[in-house]
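Please open the model in your viewer and keep the selection tool at hand. The tour begins with one strand and moves outward from there.

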Amino acid sequence: MNRLKKNIYAFSLMSIALLSVQCKSDKKKDMEVTPQNKTVNMVTISKEAYGLTLDSIVVDKYLMKNEKGMEISVITYGGIITSWTAPDRNNNYKDIVLGYDTLEQYEKETPYFGALIGRYGNRIAKGKFSLDGTEYTLETNDGPNHLHGGVKGFDKVVWNASETKTDTTASLVLTYLSKDMEEGYPGNLETKVTYTLTNDNELQVVYEATTDKKTVVNLTQHTYFNLTGDFSKTILDHEITINADKLVPVDATLIPTGALTDVVNTPFDFREAKTIGKEINTKNEQLERGLGYDHCWVLNNQNEGVRLVSSAYEKESGRQLDVYSDEIGIQLYTGNFLDGTLPNKQGGKYAHRTGFCLETQHYPDSPNQENFPTTVLNPGEKYISKTSFKFSAK
Ligand code: BGC
C-alpha cells in the first residue's frame with residue numbers, strides 16, 4: 001500500500017470509529033465510549049525478577065496497575081503484597097502497606113507482612129487436632145500453639161504464577177501444592193489464590209483448595225495497612241467499623257475459650273465507626289491478653305455471601321478501605337507486637353501499632369472447637385473463600 005492509500009485507509013477507519021462513537025453518545029450521553037475502550041486493556045500486569053531465595057529458588061515480582069493509578073506489587077515468595085498504592089482525597093497515590101524492600105529481609109524476619117497464610121490462618125491449640133480418630137501434630141511456633149501454618153507456612157514458600165486479563169481487570173494466579181503431611185497436615189493440598197485488580201481500586205482475593213485426604217484449611221491474607229502512607233505514624237487514629245455483634249474471646253495463649261460473646265458495652269464494639277485508639281488501652285482482660293486488638297470477630301449476615309464486613313478510614317488523608325467477604329470471621333490485629341526493631345520502607349523502623357491487619361477467616365482453633373463451624377475439607381470438595389479490599393477517599 002502506498003502512503004496515500006494508507007492515509008485514506010486510516011482516515012476512513014477513524015471516521016467510522018468517530019461516527020460510531022457519535023451514534024452511541026447520542027443514545028447514552030453518560031457512557032464514555034471511545035475506540036480505545038474496545039482494544040486497550042486498562043489494567044496491566046507485568047513481571048520482573050525479584051531475587052533468589054536462600055535455597056536458590058527464583059522469585060518474581062508482578063506489578064498490577066489500573067487506569068486510576070493504583071499499583072500493587074506481589075512477589076511469588078509467600079504471595080506477599082510488597083507495596084500497594086491508594087489515593088487520598090486529592091487523588092495522591094501513596095504506598096499504604098507495611099513491608100520491606102528486599103527478599104533477604106522477608107526471609108530473615110517478618111511478622112507475616114503482606115503474606116498469604118495457610119494452611120491454617122490463626123492458632124490451633126497445642127498444635128494438635130484429630131480427624132476420624134487420628135491425631136495430627138503440627139509445629140508449635142507461637143508459645144504452646146501452632147500459628148499461621150507453622151514454621152514454613154504458605155507465607156514462606158515460592159508459588160507458581162501466571163497472569164490473566166479481561167477488558168477491565170488483571171489477575172495474578174498463584175498456585176502451590178502443599179504435600180501430604182507438610183507441616184504436619186494430612187493430604188496433598190492443591191492451593192490456588194487469585195489476586196485481581198479492577199478499575200474500581202479494588203483488589204479481589206479468591207482462595208481455592210482441594211485435597212486427596214481429609215484435612216483442615218483456613219486461608220487468609222496478612223497485609224498490614226497504614227492509610228496515612230507514613231510508616232512513622234501509628235494507626236491509632238484510624239476509624240474502624242466491623243459488622244459483628246459478637247467476638248471470639250481468647251484465653252491467655254490467644255486460643256478461643258469456646259464462647260462467643262456480645263460486643264455490646266465492650267471495647268470490641270465496632271458496629272459504629274470508632275478509632276482503634278479510643279479504647280485500646282482501657283482495662284479489659286481480652287485487651288490485656290492480646291496486648292491490644294488481636295481477636296476474631298463473628299461477622300453478621302453469614303449466609304449472605306460476599307458482603308461489606310469491615311471498613312477503615314483515616315481522616316487526614318481521607319483514605320477509606322472497605323473489606324468485602326463471604327467469610328464468617330475477621331481478625332483485627334493492631335500491630336501490637338511491632339516493637340521498633342524491623343526496618344521500614346521509608347528508612348525508619350516499624351514501631352508499635354504502626355499497621356493493622358484485617359484477616360478474613362474461619363474462627364481460630366476450629367479443628368478443636370466442636371461448636372464452631374467446620375474447617376474440614378474432604379476429598380471431592382472444593383474450599384473457596386472470597387475477600388476484596390476496595391479503596392476510596394472522602
Ligand atoms: C496474629 C497475631 C500475631 C501476628 C503475627 C496475627 O494474625 O493474630 O497474634 O502476632 O499475626 O505478626
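Select strand 17 (residues 239–242), where the side chains alternate: Ile240 and Ile242 point to one face and are buried, while Glu239 and Thr241 point to the other and are not. Buried here means that 20 or more other C-beta atoms, placed from the backbone, lie within 10 Å of the residue's own, and strands are DSSP runs of E of at least two residues, numbered from the N terminus. The model is predicted, so local features need pLDDT of at least 70 and side-chain atom pairs count only at pLDDT 80 or more, while totals for chains, interfaces and linings use all residues. Residues are numbered from 1 along each chain as its sequence is written.

Next, add the neighbours of strand 17. Strand 20 pairs with strand 17 in the antiparallel sense over two bridges (pairing requires at least two DSSP bridges), and Lys274 in strand 20 is the bridge partner of Ile240. Strand 22 also runs antiparallel to strand 17, joined by four bridges, with Tyr313 as the bridge partner of Glu239.

Now widen the selection to the open sheet of nine strands, whose order is 11-12-13-14-27-23-22-17-20, with antiparallel pairing. Strand 11 (160–165) and strand 20 (274–275) stand at the edges with a single partner strand each, so one side of each is left without a neighbour in the sheet.

Finally, select Leu332, which, leaving aside neighbours within four places in sequence, is in contact (C-beta atoms, placed from the backbone, within 7 Å) with Ile240, Ile242, Tyr293, His295, Trp297, Phe356 and Leu358.

Conventions. Two residues are in contact if their C-beta atoms, placed from the backbone, lie within 7 Å. A residue is buried if 20 or more other C-beta atoms lie within 10 Å of its own, exposed if 12 or fewer, and partly exposed in between; C-beta atoms are placed from the backbone.
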